[in-house]
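Please look over the chain below before reading on. The text after it goes from one residue to the whole chain and then to a patch on the surface.

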Amino acid sequence: MTTQAPGSMLPLSPEQLARLQAATTDFSTTQMAWLSGYFWGMVNQTPDSVAASAPAQAEIPAVTLLSASQTGNARRLAEQLRDDLLAAKLNVNLVNAGDYKFKQIGQEKLLVVVTSTQGEGEPPEEAVALHKFLMSKKAPKMDGAAFAVFGLGDTSYEFFSKAGKDFDGRLAELGAERLLDRVDADVEYADQAAAWRSALTEILKKRIPTESAAQAAVTAAGSVNEVFSSPYTKEAPLSASFAVNQKITGRDSDKDVRHIEIDLGDSGLRYQPGDALGVWYENDAELVKELLELVWLKGDEPVDINGQTLPLAEALQKHFELTVNTAQIVAQYATLSRNEELLSLVDDKAKLQKYAQYYPIVDMVRLAPAELTAEQLCGLLRPLTPRLYSIASSQAETDTEVHITVGAVRFDIEDRQRGGGASTWLADRIEEDGEIRVFIEHNDNFRLPINPDAPVIMIGPGTGIAPFRAFMQQRDNDGAAGKNWLFFGNPHFTEDFLYQVEWQKYVKDGLLTHIDLAWSRDQAEKIYVQDKIRAKGAEVWRWIEEGAHLYVCGDANRMAKDVEQALLDVVVEHGGMDRETADEFLSELRIERRYQRDVY
């Protein structure tokens, strides 16, 4: 809510304005939007008609549509479903899971959840507190409620779409009625999503009365937490210029980390610290050539890609995922190749998953060669999807540039060098001044405090340092008075201190109040960021008591879990709580947006 400057024509007295602001401080975006429509209706109707119509409106059941998104796909799908339901004149409230007052879930009558999964089967970061509450003994009975769940996932991960399965199973366990079967969708989900949206809309149309066109318009105007958007999207990216590719690890480092700068020109593309950059990339032409030879294809065979006819080699380079294998692909290729070793894995999900995680597609084919048609090869592969990188710059400082920090993924399979698709393209194959297609994936669940005086604790080992470089640039340019504390870790001080000169300057200038560094291989015992957090536990707790915001960025599977355990230890030891209460305390910090994670 915005207020006008002193002296402007404000229709409320200062006392009235203060009462209104006090009454609405804990209202969600959805509730504020409903209020605006309610007050509009009061102004435009007679007192009698308001009195008559208000109860009737309240009786129309609303569909609560929860979007639990990690990379933006779940949010986009939820917005499409919202538009379908509004077009059908149904009352729908779309809420991002991070904004949902989850203790009210027992009052829901119609609940739809669209969720992705991250890491080892965890819910998206914005839905962690809701997921914990729902899975706990405190979850309410949901008799009389009805629900539907759409799960987005990636079959290259062991715990495929687990968050969707969790929500679906638990809601049923609590007594809610399942409106239609849960969908567990892979990266290519558009057709499944369209069918599910259509089926769910028809089911809901039969269950609830349609609302008036006027009420639908009010709902449409404000039921969503609208995210700032630009003319450039995942489907229609910006063609930018690749400006700088600088290696920022030492010659003897085991890691190859690049500082990448991209020139946005006069595109007007805007982003905020905490956002991610989506990057469309191309596969290595040598990898394409090797794969084609192994399946006895030339590469000039015509194939249809999205209604366009392309030579197979070009399609493989620009439109198909070649570097990530999945259990599904292994099983499908086992049938095509009739290879006995692969066929022996088909009935064992765990073995299929292990094989897919170890052997890239090209090595699977090399070890079990088979002659395929162009159609069979394309049918085996998944569409290429863009990679997301945490943005390492603030436009307050870099203006028309965007910076990212990229760890090039490199490994050997039986003395053959392999690498990540996007990371090696950025590190090795795209020329400076070359064209790069990008878009912004906004992340409102990883934002600096609104209050510039609030202290900030940043925990980011390895390339997890990236968004904190953006945070410091922003805090510096804003003249923010709040204290800043960085925990950073990597193997070696001399080889792996990313952006060392910049951090040392921030310390010298007084912007960075504390910096704690964990070099895991510089001494006999391994030291990690979580060890540093425990060692400084008393002061970390003091900062938390002062209102500090905690941020964690980096690996979801191990680091983020280890850091959370360290934070729980700090809360238990220095906050005087038992483990369960400490866990609830961290959940409260999440809800207050004081504990935010950008993990992958």
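Leaving aside its neighbours within four places in sequence, which residues is Glu564 in contact with? The model is predicted, and in this model the contacts of Glu564 outside that stretch are Lys132, Leu586, Arg590, Tyr595 and Arg597. Glu564 itself is found in helix α23, which covers residues 559-575. Is Glu564 buried or exposed? Its relative accessibility is 10%, and buried means under 20%, so Glu564 counts as buried.

Now take the chain as a whole. Its secondary structure comes to 24 helices and 21 strands. The chain has 600 residues, and 52% of them count as buried. Contacts can also be sorted by how far apart the partners are in sequence. Among contacts between residues at least 6 apart, 77% join residues that are at least 24 apart. As for the outside, the chain exposes about 28100 Å², and carbon and sulfur atoms supply 50% of that area.

The surface also carries charge. Which residues gather in a patch of negative charge there? They are Asp263, Glu431, Glu432 and Asp433. One of them, Asp433, has its place in the loop between α17 (421-429) and β16 (435-441). Asp433 has a relative accessibility of 65%, and exposed means over 50%, so Asp433 counts as exposed. The two acidic residues can be set side by side: Glu564 lies in a helix and counts as buried, whereas Asp433 lies in a loop and counts as exposed.

Key
Residues are numbered from 1 along each chain as its sequence is written. This is a predicted model: local features need pLDDT of at least 70, side-chain atom pairs count only at pLDDT 80 or more; totals for chains, interfaces and linings use all residues. Side-chain values use heavy atoms; hydrogens and water are left out. Patches are made of residues with over 30% relative accessible area and no salt bridge: like charges are joined within 9 Å, nonpolar side chains (Val, Leu, Ile, Met, Phe, Trp, Tyr) within 5 Å. Accessible areas come from the Shrake-Rupley method with a 1.4 Å probe; for residues, only the protein chains shown count as cover. A salt bridge is a side-chain nitrogen of Lys or Arg within 4 Å of a carboxyl oxygen of Asp or Glu. Lys and Arg count as positive and Asp and Glu as negative; His and the chain ends are not counted. The place of a charge is taken as NZ of Lys, CZ of Arg, CG of Asp or CD of Glu. Helices (H or I, at least four residues) and strands (E, at least two) are DSSP runs, numbered from the N terminus. Buried means under 20% relative accessible area, exposed over 50%, partly exposed in between (1.4 Å probe, protein chains only). Contact means heavy atoms within 4.5 Å.
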